[in-house]
Amino acid sequence: MAALAQLPPLPPQFKSIQHHLRTAQEHDKRDPVVAYYCRLYAMQTGMKIDSKTPECRKFLSKLMDQLEALKKQLGDNEAITQEIVGSAHLENYALKMFLYADNEDRAGRFHKNMIKSFYTASLLIDVITVFGELTDENVKHRKYARWKATYIHNCLKNGETPQAGPVGIEEDNDVEENEDAGAAPLPTQPPRPSSSAYDPGSVPSSSFTGIQIPPGAHAPANTPAEVPSSAGVTSNTIQPTPQTVPAIDPALFSTVSQADVRLTPEDFARAQKYCKYAGSALQYEDVSTAVQNLQKALKLLTTGRE
């Protein structure tokens, strides 16, 4: 991808979007779609904050130039041309970040990459608002991820051992003011969790009961599995990571729609959205998420209910 023109210094008024812009820069090569929507979010938010003072207008003008250049480069990408695909792409990517950090946290592996992943997940959930209001689940994920990033960062900074897994959220923690929590580089190849990385039975009860975290070790997208070494044999084959596929409801094998089902345009739109989510999940080889979304679509189309 061609290099983008450099932005002028960030005006003080735009401090709240500085981490979103940093995340965009970090993803220019890694995932240009994510980079595009991070800039779009920054642009929309900046316009609401201050679009009149000269330094802000100049900054927003240059940011608009970057957006137009990115859109031209990604013009044939469905995640740019179709909002429903873009929303699914961004939401799945944010969830990957969140689940990677959550699994590291539950296993008691506290490090800068994990903190960075929690914080980046919260920023990307901010970015999802360019498509409309967040779901309740995403609001809870964002709140939990942002708090966890600050909590673990402060513990490590003070030489304390963080409590692993879900714990109660301290409402007065403001991660936006924490410049260091999101300063670590993004994990490009996080350490693979051990077989004991996640044991649902060992997770302590939490006062933060609104989040349902699926089991399994999920690393951010484009993270290849490690290649096991073989004695005297050189192999370039990447071994797939074992995945837990959710059980399929036998009732869904009957694909004949009930006679009294009347599907609304909204039902068709939701079913299409689930299918797009499934397609986006398969880009990351996430079979479990793909199956779950396809099941939701099939149930909706055959019963009219979710």
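**Buried cysteines, a helical core and its salt bridges**

Cys155 is buried, with a relative accessible area of 6%, where buried stands for under 20% relative accessible area, exposed for over 50% and partly exposed for what lies in between (1.4 Å probe, protein chains only). The model is a predicted one, in which local features need pLDDT of at least 70 and side-chain atom pairs count only at pLDDT 80 or more, while totals for chains, interfaces and linings use all residues. Residues are numbered from 1 along each chain as its sequence is written, and side-chain values use heavy atoms, with hydrogens and water left out.

Cys56 is buried as well, at a relative accessible area of 0%. The structure nevertheless contains 0 disulfides, a disulfide being a pair of cysteine sulfur atoms within 2.5 Å. As a reminder, a disulfide is a covalent bond that joins the sulfur atoms of two cysteines.

On the scale of the whole protein, the secondary structure amounts to 9 helices and 0 strands, taken as DSSP runs numbered from the N terminus (helices: H or I, at least four residues; strands: E, at least two). Read from the N terminus, the order of elements is therefore simply α-α-α-α-α-α-α-α-α. Of the 306 residues, 44% count as buried. The accessible surface comes to about 16500 Å², and carbon and sulfur atoms hold 51% of that area; these areas were obtained by the Shrake-Rupley method with a 1.4 Å probe, and for residues only the protein chains shown count as cover. Among contacts (heavy atoms within 4.5 Å) with a separation of 6 or more, 75% are between residues 24 or more positions apart.

The interior is best introduced through the largest nonpolar core, which has 53 residues, and in which Tyr36, Tyr37 and Phe118 touch the most other members. Such a core is a set of buried Ala, Val, Leu, Ile, Met, Phe, Trp, Tyr and Cys residues joined through side-chain atoms within 4.5 Å. At least two residues of this core come from each of α1 (18–26), α2 (32–49), α3 (54–73), α4 (78–81), α5 (83–106), α6 and α7 (136–157). For Tyr37, with neighbours within four places in sequence left aside, the contacts are Ala79, Ile80, Gly86, Leu90, Val127, Val130 and Phe131.

Helix α6 deserves a closer look. It comprises residues 112–127, and at 1.5 Å a residue its 16 residues should span 22 Å, in agreement with the 22 Å that separates its end C-alpha atoms; the expected span is 1.5 Å times one less than the number of residues. Because 14 of the 16 residues of α6 are buried, this helix is largely enclosed by the rest of the structure.

Charged side chains also take part in the interior. The count of salt bridges comes to 7, under the rule that a side-chain nitrogen of Lys or Arg lies within 4 Å of a carboxyl oxygen of Asp or Glu. One of them pairs Arg39 with Asp28, the closest N and O atoms being 2.7 Å apart. This pair links distant parts of the chain, with Arg39 in helix α2 and Asp28 in the loop between α1 and α2, 11 residues apart. Both partners are covered: Arg39 is buried at 3% relative accessibility, and Asp28 is buried at 16%.

In another salt bridge, Arg109 meets Glu104 at 3.0 Å, N to O. Here Arg109 is partly exposed, at 23% relative accessibility, whereas Glu104 is buried at 0%. Lys148 and Asp105 form a further salt bridge, with N and O at 2.9 Å. That pair also bridges distant parts of the chain, given that Lys148 sits in helix α7 and Asp105 in helix α5, 43 residues apart. Lys148 is buried at 0% relative accessibility, and Asp105 is buried with a relative accessible area of 0%. Asp126, Arg142 and Arg146 are joined into one network by salt bridges that share partners.

The N-terminal segment brings the account back to Arg39 and Asp28. Leu4 is located in the segment before α1 and, not counting residues up to four places away in sequence, touches Asp28, Arg39, Gln66, Ala69, Leu70 and Gln73. Leu4 and Leu70 lie 66 residues apart in sequence and 8.0 Å apart in space, C-alpha to C-alpha. Ala69, another of the residues touched by Leu4, belongs to helix α3 and is partly exposed at 29% relative accessible area. From Ala69 to Ala3 the C-alpha distance is 9.5 Å, with their positions 66 residues apart in sequence.
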